[in-house]
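Reader: I am new to this structure and should like to learn how its features are read. May we go through them one at a time?

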Amino acid sequence: MKSWIYNIGICVTATALITGCAAEKKTPRRVSVTPSPCVVTPDEHNRVTLDMTMHVPANYLSTRCRLVMTPHLLVDDSLRCAYTPSMLDAPIFDRKMERRKRLEGYQDPYAGRTVKMDKVRKAYDLPYNETITLPEDVDEGRIVAVVEANGCGRCRTMDTVTVASVTNPVTLIPEAKEAMHLDWIEPEFVIRPKVVEGRGVARLQFAINSYGIDLEMGDNRSELEQMTRTLAPILEDSLATLSSLKIIGMASADGRLATNSRLAHQRAEAAAKWLTAQLSPSQQTLHGISIGSRPEGWQPVVDAMIQAQDRDTAAVLGVLRKYADRDDDVQEYFIRRLPCWPKIRNRYLQKDRKVEYLYTYHIKSFTTDEELRAMYSRRPDAFNEEELLRVATLAQTPEEKKEVYHTLLHYFPSSQVAANNLAVLYLREGNTEEARRIVAIPESCSEEMLNTLAVSYVYTNDYEKAVELLQEIDSPQARYNLGIIRAKQRQLTEAHELLQPFRDLNSAICALSVNRTEEADGIMRQIDDERPVAEYVRALIAARQGDGKAVMRHLAPACREERLRKRAANEGVFLPYHELEEFRSILAPEAEDLQTELRK
């Protein structure tokens, strides 16, 4: 409901609102309110609901008056707002208003908001139920009902009653980006053998039915030299050990399989001899070299025919499918009897023979932190991902860690651990753009990376995008971060549900914000947190529970922080303690500050 400011006149000062007038002081009869005083917490739109009943004692009002009850917001005992009033009309005043309507056409602006009295000698209840909006800059204060007599001819303000304390515990939660949980991943370092596998093919030409290698025939020299360029760096690397090398000759499909297999084995052996002569491997490496052969089959022929879009391809494929469970000799027998055989022999049979080489090698694993650090400066390329992650863990400063993570991503671009942790480091130094670039690169992000990406949007106050990402993640960190965002958006019920399982200071603050005082008390008794803000929360809990001694015990250390000391002066739940000397002494620095400002 839209609230509006009721014009109470410039003669009503903040002092009058608090103390009332002389006529009010002469009578012991007071207006009271239930529930009194209540604690109200603003929602996400900075609104609070006042649901109360004013109790007007008998003989309180003259028969000629209208009693006007107007809620006022006080902050630092200064009037900030007045809200929609409620009225109680005495009998003669009511008849006077009816006469004005008939004779003057008067329109009562408060019609429908009044309760009519039939006798002034009895007590009346004046209900009030309104949702009011607080100014955006108000987090704490109190709401007082100002009771005025309209028409008495002597004095307007008759009474003031404190009806509610405005409290906003959720504003005690730090800035969202300070409260965010970032997922720093510290993987366990496990030493594992580093085995690398490789494969290459040399296409060599041989004389018919010969296995001798002629370096001047075709591309034989360049093909064999490519083999040496592949294997030589492994043999020369002091950290690598060639553990196996298998050279396999490919038997041609044309001709008898047994003959071709024997010839292919001999050609592979010739290639191995040439290779070992060039590389001069150790005796241990020589023991790891083996020779073999296998049929090449007719598939290369079919591939060449398909590439040439030869219309006879289907005929060859038909033979291969029909005799798929038979060897090359059977398939060759029937292919040779196809009408297209001369064309196949002249165009598609391979003129060179493939020699395949398969190799594996081990890279030395570094077993101690000292080895890792010493070798990283010289040979980062010799490390596997786990070892580089360990080096990053051993780095002492954020800059050193960033350098290692950049190196790690150079060699292992898909490392999500490195990407996530590097982004966290950039976020911690405020470089949101670089952090977001790093975690947004992979096509599929881990939950940790999505959480880090979401936090990057919190850092730029893009809560909608952050919420969108966090809702996709089922992790405690994501739920906590979402709870903090909801708290900052004043969606307090959802924030409380999300933060409740964590039972930390922020979850206690959210419990207070939804009036779960006992729950907040249980949390604060369990956590070992003596920061000023934690002590302030304990003081709020004690005030709600009516434990004055505990209020003072916790408020004293809390008010060592200036921000909290100023807040305590306006916190509505501390109003009952304002006249106590101990409370005043706790806020004494605040009083001194005010005196200094006045002197200026």
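Author: Let us begin with a term that will recur: a residue is called buried under 20% relative accessible area, exposed over 50%, and partly exposed in between. Please also keep in mind that this is a predicted model.

Reader: With that scale, is D312 buried, exposed or partly exposed?

Author: D312 has a relative accessibility of 21%, and therefore counts as partly exposed. K343, with a relative accessible area of 21%, is likewise partly exposed. The side chains of these two residues, D312 and K343, meet in a salt bridge, at 2.5 Å from N to O.

Reader: What is the general idea of such a pair, and which parts does the bridge between D312 and K343 tie together?

Author: Side chains of opposite charge can pair when their charged atoms come close. Here D312 lies in the loop between α8 (299-307) and α9 (313-322), whereas K343 belongs to helix α11 (residues 341-348), so the pair ties together parts that are 31 residues apart in sequence.

Reader: How many salt bridges does the structure hold?

Author: The structure holds 33 salt bridges. One of them is formed by E535 and R538, whose closest N and O atoms are 2.7 Å apart.

Reader: Why are E535 and R538 separated by about one helical turn?

Author: An α-helix has 3.6 residues a turn, so residues three or four places apart point the same way. E535 and R538 are separated by about one turn because they stand three residues apart in helix α23 (residues 532-544). Both E535 and R538 are buried.

Reader: Where do E562 and K566 lie?

Author: Both lie in helix α25 (residues 562-570), four residues apart, which is about one turn of the helix. E562 and K566 form a salt bridge, with 3.3 Å between the closest N and O atoms. E562 is partly exposed at a relative accessible area of 40%, and K566 is partly exposed at 39%. Elsewhere, D94, E98, K101 and K116 are joined into one network by salt bridges that share partners.

Reader: Let us turn to a single helix. How many residues has α15, and what distance does it reach?

Author: Helix α15 (residues 416-428) has 13 residues and reaches 18 Å from its first C-alpha to its last, close to the 18 Å expected at 1.5 Å a residue. Eleven of the 13 residues of α15 are buried, so this helix is largely enclosed by the rest of the structure. The buried residues of α15 include V417, N420, L422 and Y426.

Reader: Which helices do the buried residues of α15 pack against?

Author: They pack against α13 (385-394), α14 (398-411), α16 (432-439) and α17 (447-459).

Reader: And the strands: in what order do β1, β3 and β8 stand in their sheet?

Author: Strands of a sheet pair through backbone hydrogen bonds, either parallel or antiparallel. In this case three strands form an open sheet in the order β1-β3-β8, and the pairing is antiparallel. The edge strands, β1 (32-34) and β8 (124-133), each pair on one side only. Neighbouring strands of this sheet are turned against each other by 30° on average, direction ignored.

Reader: How many bridges join β3 to β8?

Author: Ten bridges join strand β3 (residues 47-56) to β8, and the two run antiparallel. H55 stands opposite D125 in β8.

Reader: Finally, how many disulfides are found?

Author: A search of the whole structure finds zero disulfides. As for individual cysteines, C65 is buried, with a relative accessible area of 2%, and C559 is buried, with a relative accessible area of 3%.

Terms used. Residues numbered from 1 in each chain as written. Predicted model: local features only at pLDDT ≥ 70, side-chain atom pairs only at ≥ 80, totals over all residues. Heavy atoms only, no water. Pairing = 2+ DSSP bridges. Axes fitted to C-alpha atoms, helices over the stretch in contact; angles between N-to-C directions. Disulfide = S-S within 2.5 Å. Buried < 20%, exposed > 50% of the residue type's maximum accessible area, 1.4 Å probe, protein only. Salt bridge = Lys/Arg side-chain N within 4 Å of Asp/Glu carboxyl O. Expected span 1.5 Å × (residues − 1). Contact = heavy atoms within 4.5 Å.
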